[in-house]
Amino acid sequence: MKYIFIINISEGSEEEHAVFQDIENAFIENSRSDSFITEYITEKKSARALAKGYSEKYGADCIIFACGGIGTVHEAANALAHTDTPLGVLPLGKTGDIAAKLYGAKSGIYSAAEQLGLLEASPKMKIRRIDLGKCCEEYFISSVSLGFDSTVRRRSEKITKKLPKAAPLSEKLAFAASLAGNKKYSVYANFLVSHTANGITRHYPLTKTLEHTLIAVTNSGWCGRFCPAPNAVLNDGLLEMAVAEPCNFAEVCAAAPMYRKGVADISGKVRYYSVIKGEFTSSDGEPFTILLDGRETVTEKAEISVESKALKLCTSMFS
């Protein structure tokens, strides 16, 4: 078995990167150096080509670890979807909630490597197949979101570039300005969702115009920074969808300070469903922004589908 580490050196700290030397030393000390392969990248998109190449070469006889943020994990997951090659995740930088769900809320890369047995060159992990979502011809492993979250982020970053780079005040000013420009924003959602109770699953449509709304479809129970979803970690069924529905712009503004801190509780305005497929269009004909595993895509129409058991994912023996 080959253990292949695709390491994004532009993410994470030097201290975090030191774990790979510890892993390599462990493999050398256990006379398994031929099982350990490292590839260093500086751009997350490079992870896709590397993962694809090694998957084609070794198939099920290798495990490919995406070592970086959620963008790096996203690229590797797209390369390994519908293959026999498992994907492992070692967190560097921001990995959404995938790493937290796999290894614990406060676990870093050392904890993840230890749980997987990599620091002893004696990997102990289980492999399970998980669903992947698909949107705009891309798979997503963590989440896809649109509405309030993506619109405010896009506008905030655009305004930040025009402000003096110094202090956190610039970021706060940009955030406030982006809210002020969010008085008209809506999308039309047409989803087929499901609900299971007493062992019976019912499918039904969800069709409505969503104004000033955050909607997220997730594979890990993470539905945006101010919209915590139930613990649906790497579920064996359909992906979860959360729709947060502030009723009007004033309520969006009221939620914004808590959203900024990541501690808001607007659970009374959040609805959860299991997703089968869906479609978004802009109700006013304007393009809208989607965050696909944290990556921005601007589109006039977005179709989302679920592909069951599309990816082999490594988890610790205790997850």
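Trainee: Buried means under 20% relative accessible area, exposed means over 50%, and partly exposed is in between. Which of these is Arg 295?

Mentor: Arg 295 is partly exposed, because its relative accessible area is 30%. Keep in mind that this is a predicted model.

Trainee: What does Arg 295 pair with?

Mentor: Glu 138. Their side chains meet in a salt bridge, 3.4 Å from N to O.

Trainee: Where do the two sit in the chain?

Mentor: Arg 295 is in strand S14 (residues 295–299), and Glu 138 is in strand S6 (residues 138–140). The pair therefore ties together parts that are 157 residues apart in sequence.

Trainee: And is Glu 138 buried or exposed?

Mentor: Buried, because its relative accessibility is 12%.

Trainee: Why would two such side chains pair at all?

Mentor: Side chains of opposite charge can pair when their charged atoms come close.

Trainee: How many salt bridges does the structure hold?

Mentor: Ten. Another one joins Asp 131 and Lys 309, with the closest N and O atoms 3.9 Å apart. That pair links distant parts of the chain. Asp 131 is in strand S5 (residues 125–135), Lys 309 is in strand S15 (residues 301–316), and 178 residues separate them.

Trainee: Which label fits Asp 131, and which fits Lys 309?

Mentor: Asp 131 counts as buried, at 1% relative accessibility. Lys 309 is partly exposed, with a relative accessible area of 32%.

Trainee: Got one between partners with nearby numbers?

Mentor: Take Lys 301 and Glu 303. Their closest N and O atoms are 3.6 Å apart in a salt bridge. Lys 301 is partly exposed at 43%, and Glu 303 is partly exposed at 48%.

Trainee: Which residues are joined into one network by salt bridges that share partners?

Mentor: Arg 48, Glu 75, Glu 138 and Arg 295. So you've met two of them already: Glu 138 and Arg 295 form a salt bridge.

Trainee: New topic. What's the overall build?

Mentor: The protein chain has eight helices and 15 strands. Of its 319 residues, 50% count as buried. Look at contacts with a separation of 6 or more: residues 24 or more positions apart account for 72% of them.

Trainee: And the surface?

Mentor: The chain exposes about 14700 Å², and carbon and sulfur atoms supply 51% of that.

Trainee: How many residues are in the largest nonpolar core?

Mentor: It has 52 residues. Those with the most contacts inside it are Phe 5, Phe 20, Phe 65, Leu 87, Leu 90 and Ile 141.

Trainee: What does Phe 65 touch?

Mentor: Leaving out residues up to four places away in sequence, its contacts include Tyr 3, Phe 5, Val 89, Leu 90, Leu 116 and Met 125. There is also a second, separate core of 19 residues, which includes Cys 135, Phe 140, Phe 191 and Ile 304.

Trainee: Is there a general rule behind cores?

Mentor: In soluble globular proteins, nonpolar side chains tend to be buried together.

Trainee: How many aromatic pairs turn up in the whole structure?

Mentor: Six. One is Phe 5 with Phe 36: the ring centres are 5.1 Å apart and the planes are at 35°, so the pair is tilted. Phe 5 is in strand S1 and Phe 36 is in strand S2 (residues 36–41), so the pair ties together parts 31 residues apart in sequence.

Trainee: Are Phe 5 and Phe 36 buried or exposed?

Mentor: Both count as buried: Phe 5 is at 0% relative accessibility, and Phe 36 is at 9%.

Trainee: Is there a pair inside a helix to look at?

Mentor: Yes, Tyr 54 and Tyr 58. Their pair is stacked, 6.3 Å centre to centre with 10° between the planes. Both lie in helix H2, four residues apart, about one turn of the helix. Tyr 54 is buried at 13%, while Tyr 58 counts as partly exposed at 21%.

Trainee: Which residues form the aromatic cluster?

Mentor: Tyr 3, Phe 5, Phe 20, Phe 27, Phe 36 and Phe 65.

Trainee: Last one. Where is confidence highest, and where is it lowest?

Mentor: It is highest in helix H2 (residues 46–58), at a mean pLDDT of 97, and lowest in helix H8 (residues 249–261), at 48. Over residues 221–237 the pLDDT is below 50, though this stretch has 51 contacts in the model beyond near neighbours in sequence. Residues 256–266 are also below 50, with 18 such contacts.

Trainee: And the whole chain?

Mentor: Its mean pLDDT is 76, and 65% of its residues reach 70 or more. Where pLDDT is low, the predicted coordinates should not be read in detail.

Technical notes
Residues numbered from 1 in each chain as written. Predicted model: local features only at pLDDT ≥ 70, side-chain atom pairs only at ≥ 80, totals over all residues. Heavy atoms only, no water. pLDDT = per-residue confidence, 0-100. Contact = heavy atoms within 4.5 Å. Core = buried A, V, L, I, M, F, W, Y, C linked by side-chain atoms within 4.5 Å. Buried < 20%, exposed > 50% of the residue type's maximum accessible area, 1.4 Å probe, protein only. Salt bridge = Lys/Arg side-chain N within 4 Å of Asp/Glu carboxyl O. Areas by Shrake-Rupley, 256 points an atom, 1.4 Å probe, with all protein chains shown as cover. Phe/Tyr/Trp six-rings, centres within 6.5 Å; stacked < 30°, edge-to-face > 60°.
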